[in-house]
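The exercises below concern one protein chain. Work each task from the structure, then read the solution.

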Amino acid sequence: MASFCTNCGAENADGTKFCVSCGNAMASSAAQPAPAASTARGAVAYAAPAAPVYTAPQVQYASPGGAPAAPTGPTGPIMSVGQFMITFLLLCIPILNLVLMFMWAFGSKPDLNPNKKNMARAMLLWFAIWIALSVLFTILFGETLATLS
């Protein structure tokens, strides 16, 4: 019994792997049913195979690198220029500056601006580094400087 190509409907001998008319791979070695009707010019009419349906993958992809990350931690309003000027003016007062920096850096006031808190922490770190370097400089070179005078 002959088999028919699912692509073009041409009749092929049993056991052929490819259609002799269009070159399409034959579906299986089992016999295909004959087409239902013929056209007026003698060409064989056939039912077109169902088109494959594409389904999108269900994988959730990460955003590409460089995409901005969502902010984490406390956020607050940005300090204005006037607020920065008042803050620096207060930090010019000798004893008050240390008290205010410790209050702003480690205080638990809920309405404290995070910008001011981070600035106070950074300034305290710079003060600690400056003090440590001063002590180290005094230990290493203090005796040498004392003998020069």
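The protein contains three helices and two strands. The model is a predicted one.

**Exercise 1. Overall make-up**

Task: State in what order the elements of the protein run from the N terminus, what share of its residues is buried, and what area the protein exposes.

Solution:
- Step 1. Starting at the N terminus, the order of elements is β-β-α-α-α.
- Step 2. The protein has 149 residues, and 15% of them count as buried.
- Step 3. About 11,900 Å² is exposed by the protein, and 68% of that area is supplied by carbon and sulfur atoms.
- Step 4. Take the contacts between residues at least 6 apart in sequence: 34% of them join residues at least 24 apart.

**Exercise 2. The packing of α2 and α3**

Task: Describe how helix α2 and helix α3 pack, by angle and by the distance between their axes. Then list the residues of α2 and α3 that meet and sort the contact by class.

Solution:
- Step 1. Helix α2 covers residues 94-106 and helix α3 covers residues 114-148. The angle between them is about 125°, and their axes lie 7 Å apart.
- Step 2. Angles of 65 to 115 degrees count as roughly perpendicular and those over 145 as roughly antiparallel. The angle of about 125° fits neither range, so α2 and α3 are oblique to each other.
- Step 3. The crossing of α2 past α3 is left-handed.
- Step 4. On the α2 side the residues are Leu98, Met101, Phe102, Trp104, Ala105 and Phe106. They meet Lys116, Lys117, Ala120, Arg121, Met123, Leu124 and Phe127 of α3.
- Step 5. Sorted by class, this contact of α2 with α3 holds 10 nonpolar residues, three charged residues and no polar ones.

**Exercise 3. Asn113, buried or exposed?**

Task: Locate Asn113, classify it by accessibility, and name its contacts beyond four places in sequence.

Solution:
- Step 1. Asn113 sits in the loop between α2 and α3.
- Step 2. Its relative accessible area is 12%. The cut-off for buried is under 20%, so Asn113 is buried.
- Step 3. With neighbours within four places in sequence left aside, Asn113 contacts Pro77, Ile78 and Met79.
- Step 4. Gly76 is 37 residues from Asn113 in sequence, yet their C-alpha atoms are 5.9 Å apart.

**Exercise 4. Glu11 and Ala25**

Task: Classify Glu11 and Ala25 by accessibility, and give the contacts of Glu11 and of Ala25.

Solution:
- Step 1. Glu11 belongs to strand β2, residues 11-12. Glu11 has a relative accessible area of 53%; because the cut-off for exposed is over 50%, Glu11 is exposed.
- Step 2. Outside four places in sequence, Glu11 is in contact with Ala2, Ser3, Phe4 and Val20. Ser21 is 10 residues from Glu11 along the chain, with 8.6 Å between the C-alpha atoms.
- Step 3. Ala25 is in the loop between β2 and α1, the latter spanning 81-90. Its relative accessibility is 41%, so Ala25 counts as partly exposed.
- Step 4. Apart from neighbours within four places in sequence, Ala25 is in contact with Lys17 and Phe18. The C-alpha atoms of Ala25 and Cys5 are 8.3 Å apart, with their positions 20 residues apart along the chain.

Key:
Residues numbered from 1 in each chain as written. Predicted model: local features only at pLDDT ≥ 70, side-chain atom pairs only at ≥ 80, totals over all residues. Heavy atoms only, no water. Axes fitted to C-alpha atoms, helices over the stretch in contact; angles between N-to-C directions. Parallel < 35°, antiparallel > 145°, perpendicular 65-115°, else oblique. Left-handed = near helix turned anticlockwise from the far one by under 90°. Contact = heavy atoms within 4.5 Å. Nonpolar A, V, L, I, M, F, W, Y, C, P; charged D, E, K, R; others polar. Buried < 20%, exposed > 50% of the residue type's maximum accessible area, 1.4 Å probe, protein only. Areas by Shrake-Rupley, 256 points an atom, 1.4 Å probe, with all protein chains shown as cover.
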